[in-house]
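Student: I am new to this structure and would like a close look at one part of it. Please take a single helix, go through what it packs against, and then place it in the wider model.

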Amino acid sequence: MAFPILSFIIAMPALAALIMLFLPDEAKTAVRTIAVSASIASLLGAIWVVREVLARGPATFHFEERYNLVPSLGIQYLVAVDGWGASLLLLTGIITFAGAVASTTLENRPREFYIFLLGLVSGVFGVFVAQDLFVFFLFYEIAVLPMYLLIGIWGSTGKVKSEGPFAWAMDRLDVGGKEYAAMKLTLVLLGGSALILAAMLGMYQAGGHTFDMGQLAKVSFSPRLQWWLFPALWVGFGALAGLFPFHTWSPDGHAAAPTAVSMLHAGVLMKLGAFGVLRVGMVLLPDGAQQWAFAVGTIAVINIVWGAMSAMAQKDLKYIIAYSSVSHMGVVLLGAATLTVNGWNGAMFQMFAHGIMTALFFSLVGLIYERTHDRWIPNMGGFAKVMPLTAAFFTLACLSSLGMPGTAGFVAEFLVFLGAWQSANSWWAVPGGIGALVTAVYVLRGTRDIFWGEGPPEKFAHLTDAGFAERVSLWTLGTTLVVFGVWPRLLLDLIDTATPVYLAALQAHGAGVTP
Amino acid sequence: MRTLDLALISVFAPLIIAVLLIIVAPLRRAGRAAAALSVGGAFASVFASVALTLARLADNRVPEIFETTWLPEAGKSAATIGLQIDGISAPMLAVVSIVAFCVQVFSLEYMADENDEDYGRYFTWHSLFLFSMQALVVAPNILQLFCAWELVGLCSYLLIGFYYKKPSAARAALKAFWVTKFADLGLLIGLIVQYAAVGTFGWDAETVAKLGALGVVPVAVAALYFLAVMGKSAQFPLHVWLPDAMEGPTPVSALLHAATMVAAGVYLIVRAYPIFQAAPQVMVAMSVIGGVTAVFAAIVAIGQNDIKRVLAYSTCSQLGYMVAALGAGSLFGGYFHLGTHAFFKAMLFLSAGSVIHAVHSNDLSHMGGLSKKMKWTTLTFSVGSLALAGFPGLSGFFSKDQILESLWEGTHRDPLFWIPFLACLATVGITAYYMSRVVFLAFFGKLGEHAHHAHEGGIAMRLPLLILLVPTVIGGLFGGQFLGLLALPEVEFHLTHVTPVGVVALVLAFGGIGLGYVLNMTPAGAGLASATAPVAAFIEYGAVDRFWLGAYNLLMMALSRVFAWLDRYVVDGMLNGIGAGALTAGEWLRRFQTGRATDYVYVVMLGVVGLTIWSQFAALVGGSR
């Protein structure tokens with residue numbers, strides 16, 4: 001039997017977490033070493049998988065592992081990987097490595113922190129390779145739930161003024177606090193999970209009592225059933241992808257979360273949602289996807305513009321980045337809604353590009369916050385003088401964010417807008433482009449306000465630039481952004497093997513979709 | 001060497017240096033070493049691109065295209081990346097690299113006061129800038145051109161904001177980036193529309209034929225492309241970023257205004273000319289906008305007292321010329337002027353840099369009588385000004401003549417061309433006036449207050465000026481060879497060819513120079529000149545700037561606050577409302593959980609009574625049916 005590489009990638013972080021359970025609290029160095037080693041092991045595994053999938057040829061699933069878990073219900077442990085899954089394994093591997101390295105500076109209970117973090121990572125890896133819907137859902141919940149504790153314990157608190165028609169509710173809920181943020185995030189995502197579960201059971205029932213996604217893809221669900229199931233998956237998964245108007249957990253959650261958690265959450269977890277919409281929603285429910293494409297795309301466009309405009313008005317550094325994630329995840333959903341090769345390639349590429357870019361952003365923001373204990377941009381200025389490397393990487397992240405060619409962000413946005421124009425609703429490309437323009441305004445304005453100008457204010461004159469661990473993290477993410485932006489085929493060749501297969505199956509089901 | 005090798009050297013030598021300097025921080029921080037590497041890279045680029053151009057002059061039959069897939073689409077190639085070497089790209093490569101090389105050499109001394117770190121950073125961006133522009137020039141399709149186009153914008157942003165500690169520089173850098181980025185949306189959407197319509201990003205005959213058959217599509221595509229050109233090449237009303245871009249170091253302005261940033265826009269038109277030709281309506285609009293820009297910017301230039309701002313508006317105005325000519329169907333005129341202008345404008349800016357370096361001021365009123373202190377600079381600036389004014393024999397004379405001729409021919413086809421024709425003709429006189437004004441004010445007359453200790457720069461500052469002087473003086477003589485590269489059999493070029501339009505232009509040019517002397521060097525004229533200054537100042541920071549500032553404040557700043565408020569207090573508010581509502585409802589319902597047995601019995605009794613009534617009522621209704 002071949003080496004179970006996928007299970008190896010999934011198990012490494014979990015195994016590390018398990019070992020840590022038996023370590024004493026004081027063994028901080030050991031904990032950090034184990035965590036970083038496990039992340040490296042998974043990353044190497046992911047790189048190997050990517051190479052092999054490219055070499056072994058297009059479009060089919062590789063490295064299948066199949067064990068019956070609950071035969072009476074048809075539940076199996078079934079994992080396998082294709083071009084889509086492999087590219088997201090790579091993303092997760094890179095961000096986990098960068099996040100694990102960046103968190104080595106954490107002093108408050110690192111052992112517990114890493115246990116939750118690595119448990120979450122195992123879940124993420126699992127989602128990207130699971131081919132059994134039940135196991136998919138299981139991994140999904142494993143990935144989502146630790147967030148509550150990670151934010152609730154290691155988070156930071158801000159203050160939000162109560163006003164407007166819902167001031168009474170805000171007073172009651174302590175809006176801005178880390179407990180509030182953790183609770184809101186968990187409740188919204190669990191609400192989404194409930195919808196996913198319902199849709200999943202519906203498919204199980206109508207699809208002949210199997211959770212095998214390969215089998216389910218062959219089932220022709222009635223268009224009427226799909227019309228009901230698709231929105232449940234769209235909203236359910238979409239809630240995690242920052243789908244408007246269920247996105248408001250994201251700014252508060254990301255602002256409250258500690259560095260590595262924001263990196264992983266915005267970098268990878270939000271992709272679980274988008275991946276779910278695409279891989280489960282659209283691929284398994286082709287008619288539903290076509291019936292709802294207009295709504296999905298139109299809301300995605302709202303996401304792009306709404307997120308970008310909201311980001312523009314923020315003065316809290318973390319909120320800017322968090323709202324920008326809402327905007328950029330809209331690009332993923334827009335790509336998905338186009339139902340074109342370019343759009344889907346772009347959506348997958350944007351998951352990667354945005355993942356790396358936002359992880360870079362949050363590691364920089366965390367780095368600044370750790371030194372200043374301040375997130376309020378008007379208090380900052382002239383930081384480039386004392387932290388030039390940070391300024392340089394921040395600018396790089398901004399450039400990817402606004403879609404500068406030469407960074408991964410451009411390739412992704414370009415493909416999505418191209419797909420949007422080729423789709424049934426060409427006009428989607430226009431607000432998409434406007435969103436990119438607005439992004440250019442708010443990210444570069446932020447850069448100027450933080451880094452440009454005559455020297456930092458008195459109290460920040462002592463700030464130091466990134467340390468060794470932080471540099472490793474920054475260079476890893478920054479280089480990835482540029483390398484994949486200059487030569488996108490490293491990833492696109494992989495994604496592009498899977499996309500036409502899924503899309504052909506989707507088009508076989510319904511008429512009226514442009515190729 | 002093979003064409004491919006030369007092209008690769010020309011494009012990638014600067015890139016390799018830039019990447020090296022970005023990654024190896026100690027090398028960059030060493031300052032001098034970084035500068036030496038950067039200049040070396042530029043020199044390699046000059047060598048290779050000149051060799052390419054010479055090879056093209058010898059044999060210009062087939063364009064050589066090297067490309068490979070960049071973006072796959074369902075296993076096929078959606079977009080390629082590569083190099084297109086032909087009669088259009090080769091000479092531009094040479095112009096760009098020569099100007100960039102001269103600017104870098106000049107900067108060696110001009111920027112010597114910077115600390116090592118900033119010095120290294122400066123040259124790093126210069127190398128990146130040169131690469132970006134070269135990649136734009138050799139682009140075999142509009143997508144690669146767009147990518148390089150954005151990188152050119154990025155490098156401009158980085159260099160305009162080089163003095164990042166100065167708030168005004170920060171503002172100028174952002175303004176340049178935002179205005180051009182706004183316009184670039186046109187290019188982005190345009191090329192998407194083109195791809196969706198014909199399935200390629202190319203500009204070859206086959207693509208254009210397919211595009212031309214699609215009715216309104218080529219018009220939309222060309223109009224969208226032209227929007228981006230207006231941003232990049234500073235056409236009215238998107239020119240507002242260019243004068244502010246003076247916040248960068250002066251050699252940067254020389255690069256920006258001559259061969260890179262603003263040249264990119266005009267080059268796009270040249271490169272994608274077949275697409276524009278498929279949209280005659282856009283061509284006419286282009287010509288009109290070019291003409292308006294030419295005369296508008298020239299009028300504004302009259303009143304400027306900052307030597308760099310005069311040159312900035314003059315660039316704006318000259319770009320208007322090029323665009324007007326291209327719109328009138330003269331590929332040769334527009335492109336030729338782009339080339340000659342690159343040399344003499346770079347020389348003018350570097351000469352201005354030399355002056356600023358000597359007197360430590362941009363203000364014309366601080367200068368005066370510099371010809372006594374700085375002979376070389378006086379020579380180069382004066383010759384540059386004459387070339388700009390269209391003095392016979394100098395390079396600008398020939399290219400400007402071509403433009404006016406083409407506009408004159410345009411008036412026979414479409415009366416709308418009278419607008420750009422008259423505008424450009426008037427601009428000849430105005431240009432001659434404002435340039436002679438600068439020359440007289442800065443270099444002649446009595447010694448200015450800052451001019452006493454002025455002296456010529458060292459060899460690094462003089463050499464580039466002299467190199468650029470050569471093409472400025474004799475560049476026009478090579479118009480025939482240049483025309484040969486473009487392969488336009490229907491166009492003719494004569495060195496000695498007297499036309500009515502040419503004579504009128506010449507009269508206007510001499511009139512402008514004479515007026516410049518009278519108004520600025522005689523007591524009688526001084527009063528008149530100062531009387532017109534407020535008019536020019538009014539035009540400058542007038543409605544156009546205020547319009548864009550207003551749009552920014554309203555559409556970006558004010559509207560974003562509305563969005564953010566709605567997001568926090570309505571969208572999220574509803575979620576909070578649900579949460580708090582659930583809590584409140586829970587508290588209210590909790591009161592029913594009293595724990596007293598009697599309460600529960602009451603409720604059970606109530607239920608029994610209710611059910612009984614309901615069943616009776618239901619029986620009644622059912623019975624009556």
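**Helix α15 of chain A and its surroundings**

Tutor: The axes of α15(A) and α20(A) cross at roughly 135 degrees and come within 9 Å of each other. An angle over 145 would count as roughly antiparallel, so at this value α15(A) is oblique to α20(A). The crossing of these two helices, α15(A) and α20(A), is right-handed. On the α15(A) side the contact is made by A:V341, A:W344, A:N345, A:M348, A:F349 and A:F352. They meet A:L491, A:L492, A:I495, A:D496, A:T499, A:P500 and A:L503 in α20(A). By class, this contact of α15(A) with α20(A) has 10 nonpolar residues, two polar and one charged.

α15(A) also packs against helix α16 of chain A, which covers residues 388-401. Here the axes are 9 Å apart and the angle is about 150 degrees. Because angles over 145 count as roughly antiparallel, α15(A) is roughly antiparallel to α16(A). The crossing of α15(A) and α16(A) is left-handed. From α15(A), the residues taking part are A:A353, A:M357, A:L360, A:F361, A:L364, A:L367 and A:I368. Their partners in α16(A) are A:T390, A:F393, A:F394, A:A397, A:S400 and A:S401. This contact of α15(A) with α16(A) divides into 10 nonpolar and three polar residues, with no charged ones.

Next, the other chain. In the model, 48 residues of chain A are in contact with 46 residues of chain B. α15 (341-372) is one of the elements that give two or more residues to the side of chain A that touches chain B. The others are α7 (167-173), α13 (286-312), α17 (408-422), α18 (429-451) and α20 (489-509) of chain A. Both α15(A) and α20(A), the pair described at the start, are therefore in this list. The largest share of that side comes from α18(A), with nine residues. By class, the side of chain A that touches chain B has 30 nonpolar, 10 polar and eight charged residues.

Another element in that list, α13(A), has a packing partner of its own in helix α10 of chain A, residues 223-240. The axes of α10(A) and α13(A) come within 8 Å and cross at roughly 50 degrees, which makes α10(A) oblique to α13(A). This crossing of α10(A) and α13(A) is right-handed. The residues that α10(A) brings to the contact are A:P223, A:Q226, A:W227, A:L229, A:F230, A:P231 and A:W234. Those from α13(A) are A:D287, A:G288, A:A289, A:Q291, A:W292 and A:V296. The contact of α10(A) with α13(A) has nine nonpolar residues, three polar and one charged.

All of this describes a predicted model, and its confidence values belong with the picture. The predictor gives the complex an ipTM of 0.91 and a pTM of 0.92. Chain A has a mean pLDDT of 89, and 98% of its residues reach 70 or more. Over residues 511-515 of chain A, however, the pLDDT is below 50. Beyond near neighbours in sequence, that stretch has seven contacts in the model. Chain B averages a pLDDT of 87, with 96% of the residues scoring at least 70. Within chain B, confidence is lowest in helix α23 (residues 523-540), at a mean of 65, and highest in helix α6 (residues 142-160), at 93.

Technical notes. Residues numbered from 1 in each chain as written. Chains lettered and ligands numbered in written order. Predicted model: local features only at pLDDT ≥ 70, side-chain atom pairs only at ≥ 80, totals over all residues. Contact = placed C-beta atoms within 7 Å. Helix = DSSP H or I, 4+ residues; strand = E, 2+ residues; numbered from the N terminus. Nonpolar A, V, L, I, M, F, W, Y, C, P; charged D, E, K, R; others polar. pLDDT = per-residue confidence, 0-100. Axes fitted to C-alpha atoms, helices over the stretch in contact; angles between N-to-C directions. Parallel < 35°, antiparallel > 145°, perpendicular 65-115°, else oblique. Left-handed = near helix turned anticlockwise from the far one by under 90°.
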